Number of protein chains: 2
Amino acid sequence: MATPLRKTPSKSDRKREVILAAALELFSRSGVDGASLDRVAERADVSKTNLIYYYPSKDALYAAVLNNVLSLWLVPLEAIDRANSPQEAIATYIRQKITFSRDHADASRLFCFEILYGAPVLGGRLRDRLQPVMDEKAAVFAHWIASGQMAAVDPYQFLYSLWATTQHFADFASQIEALSRRTLDDPAFFEESVAHVTALFLARIRP
Amino acid sequence: MATPLRKTPSKSDRKREVILAAALELFSRSGVDGASLDRVAERADVSKTNLIYYYPSKDALYAAVLNNVLSLWLVPLEAIDRANSPQEAIATYIRQKITFSRDHADASRLFCFEILYGAPVLGGRLRDRLQPVMDEKAAVFAHWIASGQMAAVDPYQFLYSLWATTQHFADFASQIEALSRRTLDDPAFFEESVAHVTALFLARIRP
DNA sequence: ATGAAACTAGACCAGTTGGTCCGGTAATTG
DNA sequence: CAATTACCGGACCAACTGGTCTAGTTTCAT
């Protein structure tokens with residue numbers, strides 16, 4: 001709340017980040033219940049007491065991590081701009097989301113965990129933070145459709161499908177790896193994936 | 001293994017099913033670590049000792065549930081038949097998968113959990129059971145493409161996208177509900193969803 | 001009927017969990 | 001300088017976990 005504004009991150013700020021990173025790492029691999037505070041503290045190289053000093057409870061820590069994740073998650077969506085052509089905007093969005101799946105797979109997985117749990121923590125935030133952005137972007141789609149730049153689609157369903165296909169590369173990476181023995185870290189597979197998903201959605205909106 | 005073959009399910013068979021159902025319900029809501037054997041036993045209305053009698057450990061129980069889920073999960077995929085047109089086959093597949101997301105959302109979520117965990121239990125099974133079916137269906141796609149019935153796509157990527165979009169309705173139901181305030185149980189939303197996903201994929205494969 | 005095998009419950013246990021308490025040190029501020 | 005505040009670690013704890021042990025009861029083929 002009333003965190004004093006500083007230019008240089010204070011020592012405690014850095015420590016908070018280290019803890020958050022450790023928590024993200026462990027929570028995203030084992031779920032909240034599967035990861036103990038002991039392990040998080042160990043990973044962050046602080047004592048458990050110290051961890052509890054910064055985040056008074058496991059729930060608080062989990063909520064903090066999740067809010068971070070949600071902010072990250074929103075960035076590409078917010079960038080969708082009606083000034084661009086839908087083709088361009090969607091292609092860019094897909095690339096950004098798949099890049100996110102590659103570079104922040106743990107964040108994506110944690111988000112997925114939370115939704116699977118029934119969004120107990122993020123539920124409200126989805127309505128407060130995501131919903132408005134989503135409605136705004138739905139309006140952008142409506143504009144594009146009305147001006148004949150893209151075929152008519154339900155913007156909400158369209159976004160759901162976009163999220164599903166792009167996040168799948170992070171959340172179901174284990175499955176993809178078991179079946180295709182390939183990872184997004186392989187640049188060829190990364191580009192293939194971007195190309196495939198892009199083609200899928202652009203074919204749909206061709207006017 | 002050597003379960004005696006009976007026509008009518010024995011009492012113990014029924015009990016096993018009750019336990020499996022309870023375990024699926026709880027595991028799919030809270031993850032394996034989040035659900036205790038006590039709770040599962042309570043839900044299945046048996047004593048914990050009794051539960052342990054049928055499934056000697058939590059891991060064994062989890063594995064049993066998961067194998068059940070995988071079998072269910074495979075059914076629609078196995079039904080894809082080269083004798084049909086790709087348009088028909090894919091439309092049917094999508095409808096079946098979204099139906100599965102509606103009627104077996106818990107199974108879908110548990111599957112998702114397992115993949116998020118890194119597929120520790122199912123990993124081998126994915127290669128043993130899913131991989132062959134997938135390769136077989138990839139060949140069917142190749143046949144359709146070669147015979148000019150559908151546009152060229154990477155069959156594996158295509159299947160990943162199909163899975164992603166259809167399972168999304170189960171796994172991310174909380175999010176969809178928070179944003180759209182609608183459920184697959186609403187027949188109108190169900191049909192909208194089927195129509196949307198079908199249109200998305202059929203547009204892509206139009207020759 | 002009877003012996004074996006399947007089945008069941010309650011008491012119990014050792015390990016782990018999230019979290020507290022206490023006692024102290026470093027850094028700020030008056 | 002004094003004193004308040006922020007920060008930190010180790011011992012500790014009650015609750016819960018997966019799982020065992022014991023001591024029975026039911027089922028069923030012979």
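1. Let me start with a base contact. In this predicted model, an N or O atom in the side chain of Lys48(B) sits 2.9 Å from a base oxygen of DNA strand D. I count this as a polar contact, that is, a pair of N or O atoms within 3.5 Å; within protein, one must be able to donate a hydrogen and the other to accept it, and residues adjacent in sequence count only if both atoms are side-chain atoms.

2. A few conventions will help you follow the labels. Residues are numbered from 1 along each chain as its sequence is written, while chains are lettered from A and ligands numbered from 1 in the order in which they are written. Because the model is predicted, local features need pLDDT of at least 70, side-chain atom pairs count only at pLDDT 80 or more, totals for chains, interfaces and linings use all residues, and side-chain values use heavy atoms, with hydrogens and water left out.

3. Staying with DNA strand D, its phosphates are worth a look too. A phosphate oxygen of this strand is 2.5 Å from a side-chain N or O atom of Lys58(B), and another entry to check is Tyr54(A), where a polar side-chain atom lies 2.3 Å from a phosphate oxygen of DNA strand D. The elements giving two or more residues to the surface near this strand are α1 (11–34) and α3 of chain A, together with α3 of chain B. Helices here are DSSP runs (H or I, at least four residues), as are strands (E, at least two), numbered from the N terminus.

4. Which residues come nearest to DNA strand D? There are 14 residues around the strand, and Lys15(A), Ser47(A), Thr49(A), Tyr54(A) and Lys58(B) come nearest. Of the atoms of DNA strand D within 4 Å of the protein, 56% belong to sugar and phosphate. A residue is near a molecule or strand if one of its heavy atoms lies within 4 Å of it. The helix that gives the most to this surface is α3(A), with four residues. By class, the surface has four nonpolar, seven polar and three charged residues; Ala, Val, Leu, Ile, Met, Phe, Trp, Tyr, Cys and Pro count as nonpolar, Asp, Glu, Lys and Arg as charged, and the others, Gly among them, as polar.

5. Now to DNA strand C. It is surrounded by 14 residues, the closest being Leu37(A), Lys58(A), Lys15(B), Ser47(B) and Tyr54(B). Sugar or phosphate supplies 55% of the strand C atoms within 4 Å of the protein, and bases supply the rest. The residues of this surface divide into four nonpolar, seven polar and three charged.

6. The backbone takes part at DNA strand C. A polar backbone atom of Leu37(A) is 2.8 Å from a phosphate oxygen, and a backbone N or O atom of Ala35(A) lies 3.5 Å from a phosphate oxygen. From the side chains, an N or O atom of Lys15(B) is 2.5 Å from a phosphate oxygen of the strand. Two or more residues of the surface near strand C come from each of α3 (48–54) of chain A, and α1 (11–34) and α3 (48–54) of chain B. The largest share, four residues, is from α3(B).

7. For the overall fold, chain A has ten helices and zero strands. Its C-alpha trace spans about 60 × 45 × 35 Å along the principal axes. Of its 207 residues, 50% are buried, meaning under 20% relative accessible area, with exposed over 50% and partly exposed in between (1.4 Å probe, protein chains only). Among contacts (heavy atoms within 4.5 Å) between residues at least 6 apart in sequence, 71% join residues at least 24 apart.

8. One helix pair in chain A deserves attention. Helices α6 (residues 105–116) and α8 (residues 155–171) pack at about 110°, with axes 8 Å apart; axes are lines fitted to C-alpha atoms, for helices over the stretch in contact, and angles run from 0 to 180 degrees between N-to-C directions. α6(A) and α8(A) are therefore roughly perpendicular, the label for 65 to 115 degrees, where under 35 is roughly parallel, over 145 roughly antiparallel and the rest oblique. Among the residues that meet are Phe111(A) in α6(A) and Gln167(A) in α8(A).

9. Finally, contacts between the chains. Ser161(B), in helix α8 of chain B, is buried at 3% relative accessible area and touches residues including Thr165(A), His196(A) and Leu200(A). His196(B), in helix α10 (residues 187–205) of chain B, is buried at 7%. Leaving aside neighbours within four places in sequence, His196(B) contacts Gln157(A), Phe158(A) and Ser161(A).
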